[in-house]
Amino acid sequence: MYYFTSLALSLNELEDGVAPTDSRRRPDQRLMEDGRWEEANAEKQRLEEKQRSARREREREAASQRTSEPIRRRCTSRELPGTLVRALRGPDHSEMEVDKVVHLPRLSRVAVCGGTHGNELSGVYLVKEMLKAKNVMKEEEEGHVSVLMVLSNPWAMQQCRRYVNTDLNRCFTHAALSGPVSKKDPYEMIRSKELNAMLGPKGSPEAVDLVCDLHNTTSNMGLCLIAYSDCDWICLHIFRYLQASTTVPTRSTMEIGPQPHGVVRSNIYTTMKYGVQHVLDWVRFYNSGTVFEGGFVDVYTMVKNIDYPRDGETRNITAAIHPQLQDRDFCLLHPEDPLFQTFSGETLRYKGKEPLYPFFINECAYYEKGIALSLARKRRVALPRIRVRAEQEQQANEQGFASEEE
Ligand SMILES: [Zn+2]
């Protein structure tokens, strides 16, 4: 078969007695071997996203441990969340250690960023308004947190475009940030380094503790928080607080829509304003020692993106989102539900085997990325009780550690 040797052909076959970490045991490999391509791809994406979020979590842990904390506390902070994550993720949550309080670092500096995409106007006007208010606010009114307001992409804002040369959101990789500065670089590459100097350096102890990056979407997603890990307990607790304290559907990038790009709608602007106020309120409560009870939140984890049907030669799209799907973000999409309507009027149906939740349906900025919608799986994530580490606890720990040493 295709001139493969028998060794190449049988490489993926499972044998008895192989190590638990053997790649042949990967569920996506098994599905692929069974010819279940779609499921294998979805499983591969899920595994890769899981690996990526585990890596990000390790990086974050490493970054938080690089602060001037004594070694003993470093151990606690590393072991406790890890243990809890495993315990909490037991299939029936029977091992959940509900009484334990996880102590997390203080959030002393928070950045609120608008205009990362220059034509997403709610964030642009909200940050401008907050900057005005800050000028008349007395320092002590800031309370327990210093809030940094940033207009991320001023040049794109001036032109009311998503970006000038390249998407700013894609310029924050370690490789891009650590490269030399050249005047020939795309504007957003230069700007990302400026922002990194202002808010970072990324992953360092000097970096701000929380970034609230404000975005709009043309999709009907309501107020939606995007966290980059399902064990980012700060983000998930903030999310739960937002759900409990606002009447808008909440689902820490903040995406709010529907609002066309280059347009500001007052209902969407107001939703964003309340969202940001609630986030900052939560941070103040947290920093002042409030204990946030554990519990569960429902999160949507991305499974895959779906592109528009396209002409094989021209690559032009040949269909639009089906009217029955339009604006139904986060409503379950079942196999055989209408997905697209071709320009000649034919209905194309969802051919996946598993019902999934669509979001970013018909987002304007994603036409160029080849994404008509994204699909997610809904999962229930258990959250531990959390509270901020008190200064005295930190000092007591340090003293205890010192006397143990002696
Ligand atoms: Zn955006």
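Trainee: How many residues does helix 10 have, and what is its reach set against?
Mentor: In this predicted model, helix 10 spans residues 266–287 and has 22 residues. From first C-alpha to last it reaches 31 Å. At 1.5 Å a residue, 32 Å is expected, so the reach is close to expectation.

Trainee: Which residues of helix 10 are buried?
Mentor: Among them are Ile 268, Tyr 269, Met 272, Val 276, Leu 280, Trp 282 and Tyr 286. Buried requires 20 or more other C-beta atoms within 10 Å of the residue's own.

Trainee: What puts the buried residues on the same side of helix 10?
Mentor: Their arc does: they cover only 165° around the axis, so they share one side of helix 10. In an α-helix there are 3.6 residues a turn, so residues three or four places apart point the same way.

Trainee: Which exposed residues does the face turned away carry?
Mentor: Ser 266 and Asn 267. Exposed means 12 or fewer C-beta atoms by that count. Just after helix 10, Gly 289 takes a positive phi of about 105°.

Trainee: Now the sheet. Why do strand 8 and strand 10 stand at the edges?
Mentor: The sheet is open, with three strands in the order 8-9-10 and antiparallel pairing. Strand 8 (319–321) and strand 10 (347–349) each have a single partner strand, so one side of each is left without a neighbour in the sheet. Direction ignored, neighbouring strands are turned by 35° against each other on average.

Trainee: How do you know that strand 9 and strand 10 pair?
Mentor: Count the bridges. Pairing needs at least two. Three join strand 9 (residues 338–342) to strand 10, so the two antiparallel strands qualify. Phe 340 has Leu 348 in strand 10 as its bridge partner.

Terms used:
Residues numbered from 1 in each chain as written. Predicted model: local features only at pLDDT ≥ 70, side-chain atom pairs only at ≥ 80, totals over all residues. Helix = DSSP H or I, 4+ residues; strand = E, 2+ residues; numbered from the N terminus. Arc of directions from axis to C-beta. Axes fitted to C-alpha atoms, helices over the stretch in contact; angles between N-to-C directions.
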